[in-house]
Amino acid sequence: MLTATYVLLTLSIEQKKERHFISRLLQHVQSIARKPQEIDPVFIESQLNELTRFAEARHQRKVEACLMPAVRNASRDAGPLLADLESLSRLGNAMLRAVRKCLRRAMRRSATQGKFLCRTIDLYCQNLLKRLDKEEQELMPLAQRVISSDEWFEIGSMFLAQDHKEEQLDAALPLRQQSGFYQVAQGA
C-alpha cells in the first residue's frame, strides 16, 4: 500500500502544481482581457509553454500511460469515466492548437484577436481544471479501490522512471531553456 500512497501523493502534488500554473495564467489573461491591445504574446506563449510542458507532457502522460490502463484492466465499470477523461484530453489538445493559432494572430496586436485569445486560453484552462477535478474526485478514488498491490508497484516504478527521465532532460537544458523562454525566442 505504500506504493499506492506514493503514486497518489505524486499525482496530488502534480495536480496542485498544475492548478497553480493554470491560476497564474488565468489571472494574467483576466487582467489583460480588459486591455487587449496591451497583450504581450511572447509572455503569454512562455506561460502557456510552461503550463503545457507540465500539464500535457508530464502529469497527463502519467495518468494516461500508467494509471488509466491499470484502472481499465482492474474494473469494467471504469469505461465511462475513462472515456470522459480521454474525451477531455482530446478536447484539450484541440483547444491548445486553437490557442496557439490565436496566439500567432494576436502577435499582430489586434484588439479583436487579443480578446479572442484571452477567451480561448480561458476555455483551455477550464478544460484542464475539469479534467483535474475528474481525476481527483473519480479516477483516483476508483483506482484506490480496484488496483492490486502488484499493479501499484508497477505504476510506481513507471512514475519513478518517468521522473528520472524528466530530471535528465531538465539537467541537460540550460536554465533559460527550462523556463520556457528559450522556446519562445526560438519561435517554437
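Where is the place of T120, in which helix? Keep that in mind, everyone, and I'll get to it in a moment. First, a reminder that what we have on screen is a predicted model.

So, the answer: T120 sits in helix α4. T120 counts as buried because its relative accessible area is 10%, and the cut-off for buried is under 20%. Have a look at its side chain, too: a polar atom there lies 2.7 Å from the backbone oxygen of F116. If we leave aside neighbours within four places in sequence, T120 is in contact with M95, A98, V99 and C102.

Let me zoom out now. The protein chain has seven helices and zero strands, so reading along the sequence you simply get α-α-α-α-α-α-α. There are 188 residues in the chain, and 44% of them count as buried. The exposed surface comes to about 10,300 Å², with carbon and sulfur atoms supplying 54% of it. Here is a number I like: take the contacts with a separation of 6 or more, and 85% of them join residues 24 or more positions apart.

On to the inside. In soluble globular proteins, nonpolar side chains tend to be buried together. In our chain, the largest nonpolar core has 26 residues, and the members that touch the most others are I22, L51, L117, I121 and Y124. Helices α1 (2-33), α2 (41-74), α3 (79-106) and α4 (111-146) each supply at least two residues of this core. The most comes from α4, which gives eight residues.

Pick out L117 for a second. Not counting residues up to four places away in sequence, L117 touches I39, I44, V99, C102, L103 and A106. There is also a second, separate core, this one of 22 residues, including V63, L81, A143 and I147.

What about I13, over in helix α1? I13 counts as partly exposed, because its relative accessibility is 42%, and partly exposed runs between 20% and 50%. Its C-alpha atom is 9.9 Å from that of H59, though the two residues are 46 apart along the chain.

One last stop, for those of you who enjoy rings. The structure holds one aromatic pair. And over the face of F159 you'll find K62, at 5.1 Å from the ring centre.

That's my tour, friends. Thanks for listening, and I'm happy to go back to any of these views.

Note on methods. Residues are numbered from 1 along each chain as its sequence is written. This is a predicted model: local features need pLDDT of at least 70, side-chain atom pairs count only at pLDDT 80 or more; totals for chains, interfaces and linings use all residues. Side-chain values use heavy atoms; hydrogens and water are left out. Rings of Phe, Tyr and Trp (its six-membered ring) pair if their centres lie within 6.5 Å; planes under 30 degrees apart count as stacked, over 60 as edge-to-face and the rest as tilted. A charge sits over a ring if NZ of Lys or CZ of Arg is within 6 Å of the ring centre and within 35 degrees of the ring normal. Helices (H or I, at least four residues) and strands (E, at least two) are DSSP runs, numbered from the N terminus. Buried means under 20% relative accessible area, exposed over 50%, partly exposed in between (1.4 Å probe, protein chains only). Contact means heavy atoms within 4.5 Å. Accessible areas come from the Shrake-Rupley method with a 1.4 Å probe; for residues, only the protein chains shown count as cover. A nonpolar core is a set of buried Ala, Val, Leu, Ile, Met, Phe, Trp, Tyr and Cys residues joined through side-chain atoms within 4.5 Å. A polar contact is a pair of N or O atoms within 3.5 Å; within protein, one must be able to donate a hydrogen and the other to accept it, and residues adjacent in sequence count only if both atoms are side-chain atoms.
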